[in-house]
Number of protein chains: 2
Amino acid sequence: MASGVLRDRRGATTLEEVASRAGVSRATVSRVVNGSPRVSPDVRRGVESAIAELGYVPNRAARSLVTGRTASIGVVINEPTGRLFDDPFFPRLLRGISGSLTERDLQLVLLMPESAEDAQRTADYLIAGHVDGAVMVSLHDDDVLLSRLALASIPLVLVGRPPQGVSASFVDVDNRQGARSAVEHLIAGGRHVIGTIAGPSDMPPGVDRLAGYRDALAAAGLISDPALIAYGDFTQDGGASAMRQLLAAHPDIDGVFAASDLMAAGVLSILAATGRHVPGDVAVVGYDDSAVATSTNPPLTSVHQPIEEMGREVARLLVEAIDGTNRARRRVILATDLVKRASSAGRRVP
Amino acid sequence: MASGVLRDRRGATTLEEVASRAGVSRATVSRVVNGSPRVSPDVRRGVESAIAELGYVPNRAARSLVTGRTASIGVVINEPTGRLFDDPFFPRLLRGISGSLTERDLQLVLLMPESAEDAQRTADYLIAGHVDGAVMVSLHDDDVLLSRLALASIPLVLVGRPPQGVSASFVDVDNRQGARSAVEHLIAGGRHVIGTIAGPSDMPPGVDRLAGYRDALAAAGLISDPALIAYGDFTQDGGASAMRQLLAAHPDIDGVFAASDLMAAGVLSILAATGRHVPGDVAVVGYDDSAVATSTNPPLTSVHQPIEEMGREVARLLVEAIDGTNRARRRVILATDLVKRASSAGRRVP
DNA sequence: CCGGAACGTGAGAGCGCTCTCATCACAAGG
DNA sequence: CCTTGTGATGAGAGCGCTCTCACGTTCCGG
């Protein structure tokens with residue numbers, strides 16, 4: 001009877017075997033594997049070659065059982081809408097996190113709860129101690145999962161500023177300054193009637209980017225007319241309908257800052273439909289510097305965020321929290337860059 | 001002295017405690033937890049309430065140690081270039097996989113090797129049995145990791161048709177038929193001089209989409225002129241320079257099928273720059289139905305792929321392989337849809 | 001009324017590892 | 001020469017779980 005069901009790490013080498021091969025005890029092999037200094041050089045060499053010959057790889061489960069550590073961290077993406085899937089934010093972030101964790105031989109367990117029920121299970125899983133720490137991509141105010149995790153004592157680092165009263169370490173991009181620089185750029189280009197398509201006000205990036213817009217206007221001594229602010233949901237359609245509102249209230253608008261490239265693409269479509277020239281009549285700046293920014297006509301000036309770096313940073317903070325190197329709450333804000341393209345060139349370009 | 005380093009699942013409840021609370025043995029609790037039928041209903045109820053009261057969650061490491069199973073599967077994304085990061089393929093795929101695994105209470109361990117060295121470590125990790133199976137997003141011909149895994153006896157399912165001689169279960173999208181339908185659509189729109197911007201010929205999707213282009217031409221009895229085929233690297237710039245080649249050889253071109261939306265965006269930019277109207281003079285069709293497709297001017301007709309479904313399917317096959325339900329090599333091909341937009345409307349639209 | 005199947009339950013071994021503690025060899029100090 | 005210290009090594013317990021096996025009970029057919 002052939003082995004019906006595949007189970008077990010079929011005959012994987014154990015510490016015991018390495019030990020007997022090297023003529024030492026399990027304990028000594030363990031010390032070598034874990035880099036303890038309390039091993040004489042020649043014994044160490046002997047053990048190392050036994051390990052190499054046998055192709056020994058430690059069993060993580062066994063190790064985890066005794067140490068109480070899992071050598072893995074959870075990354076929670078709790079985003080029911082399609083928002084995150086329309087720009088490369090998410091893969092880049094994961095790449096940054098992954099790179100940083102690999103160096104420390106930690107596993108990345110990805111959790112993407114889809115329903116409220118999923119979210120509960122995810123929280124249970126994390127709190128049960130199946131990972132040594134967690135990264136949460138936090139976007140909404142009403143994140144139940146986030147509040148549960150923040151209460152539990154599991155090491156936790158957020159991507160993005162946490163909403164309201166949640167206190168946790170986080171890494172964020174300087175949304176406010178990024179938005180501000182975008183609007184300052186419009187002002188420097190000679191625009192006077194500058195509107196914005198803001199993101200949802202229950203999402204910190206939405207709030208922060210709007211604040212940056214206001215900062216820039218205030219600093220330039222321009223009035224901030226509420227009719228120059230419309231809200232979108234970060235999608236192209238949302239951007240388009242918000243732009244229609246702005247035009248209805250302010251046909252004389254000559255500059256628009258959209259809180260995402262997708263919304264900026266919607267803005268462009270409406271401007272084209274109403275016969276306005278970009279950047280001649282209206283200058284447009286987006287946010288994210290995504291693939292969309294280069295594929296529109298004209299290409300979008302946009303705010304670039306160091307997403308991979310954010311991932312690396314978040315992993316670093318989490319590792320520190322797990323190791324107990326640093327038990328304080330940490331806040332890291334990364335700077336953005338404005339990438340200038342044709343959509344915001346000076347007035348009336350040929 | 002306060003606990004300096006956080007370790008251990010601090011005081012997590014164990015089977016033993018549940019057992020004594022319920023007045024039964026560890027074995028019985030284990031049976032209840034694992035849904036064995038060999039437990040009388042009243043004992044089961046008692047145990048279940050003890051579990052609930054104590055908030056018991058099984059320790060995966062301990063379980064894994066004895067069963068030899070890890071209840072986790074590895075997902076390998078081995079893509080050094082930025083290709084995957086410019087469209088939402090990757091997050092959607094992960095979502096599909098994740099959803100399917102969650103139902104079966106399996107963990108998703110994400111592996112994104114960046115260097116050749118990383119790839120070796122990843123292979124070691126997978127082969128060492130730290131996961132019960134693996135999904136590989138396979139794109140290139142020269143994938144060393146893939147060949148190593150295919151040799152090892154670890155359950156493996158690929159996303160995308162494997163290159164050359166590799167034999168493994170896989171789930172793919174019908175690239176060939178998708179491309180064919182795109183080109184047939186151009187033909188039906190009255191186009192006669194139809195070119196294509198193909199993907200790299202060391203990537204199965206590149207090869208398959210080109211084949212689909214040829215199929216459609218052949219079926220329509222159109223000649224297939226090699227000068228109507230140019231190659232890009234799936235990026236916008238690549239698409240643009242390939243389009244320049246096509247125009248140089250065939251100024252009379254009136255239809256283009258690009259193997260990615262990004263390349264199609266490059267095509268549009270060149271057509272605009274050379275004063276050609278889309279779709280009036282040249283109709284364009286892309287591939288991927290990404291966010292880019294709706295943000296170009298005009299919006300791109302594009303081939304839509306059921307990516308999440310692909311993820312779900314790949315997870316299903318892997319679980320079957322792990323459970324031994326099905327030991328045969330499996331091949332699943334999913335159908336695509338052509339999403340029609342303005343870039344390929346009939347000739348000379350007003 | 002008895003033998004034995006069928007079922008429910010418990011005892012106990014052991015998965016592979018780490019870690020504490022005991023042991024041993026050797027060196028240095030009195 | 002004996003004590004004490006120091007550093008290298010081994011013995012053994014035990015992490016929390018599953019699983020085999022044995023045992024006791026019930027229930028059936030003969």
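Author: A residue is near a strand if its C-beta atom, placed from the backbone, lies within 6 Å of that strand. The model discussed here is predicted.

Reader: Which helix gives the most to the surface near DNA strand D?

Author: Helix 4 of chain B does, with 5 residues. At least two residues each come from helix 2 (26–33) and helix 4 (60–67) of chain A, and likewise from helix 2 (26–33) and helix 4 (60–67) of chain B.

Reader: Which residues come nearest to DNA strand D?

Author: Of the 25 residues around the strand, these are Ser25(A), Thr14(B), Leu15(B), Ser30(B) and Ala62(B). By class, this surface has 13 nonpolar, 8 polar and 4 charged residues.

Reader: What makes Arg60(A), Ala61(A) and Ser64(A) buried in helix 4 of chain A?

Author: A residue is called buried if 20 or more other C-beta atoms lie within 10 Å of its own. Arg60(A), Ala61(A) and Ser64(A) are therefore residues that meet this cut-off.

Reader: Why are these three said to be on the same side of helix 4 of chain A?

Author: They cover an arc of only 95 degrees around the axis, and therefore lie on the same side of that helix. Helix 4 of chain B is included in what covers them.

Reader: How many residues of chain A are in contact with chain B?

Author: The contact joins 51 residues of chain A to 51 residues of chain B. On the chain A side, the largest share, 8 residues, comes from helix 5 of chain A. That side divides into 23 nonpolar, 17 polar and 11 charged residues.

Definitions and conventions. Residues numbered from 1 in each chain as written. Chains lettered and ligands numbered in written order. Predicted model: local features only at pLDDT ≥ 70, side-chain atom pairs only at ≥ 80, totals over all residues. Helix = DSSP H or I, 4+ residues; strand = E, 2+ residues; numbered from the N terminus. Nonpolar A, V, L, I, M, F, W, Y, C, P; charged D, E, K, R; others polar. Buried ≥ 20, exposed ≤ 12 C-beta atoms within 10 Å, placed from the backbone. Arc of directions from axis to C-beta. Contact = placed C-beta atoms within 7 Å.
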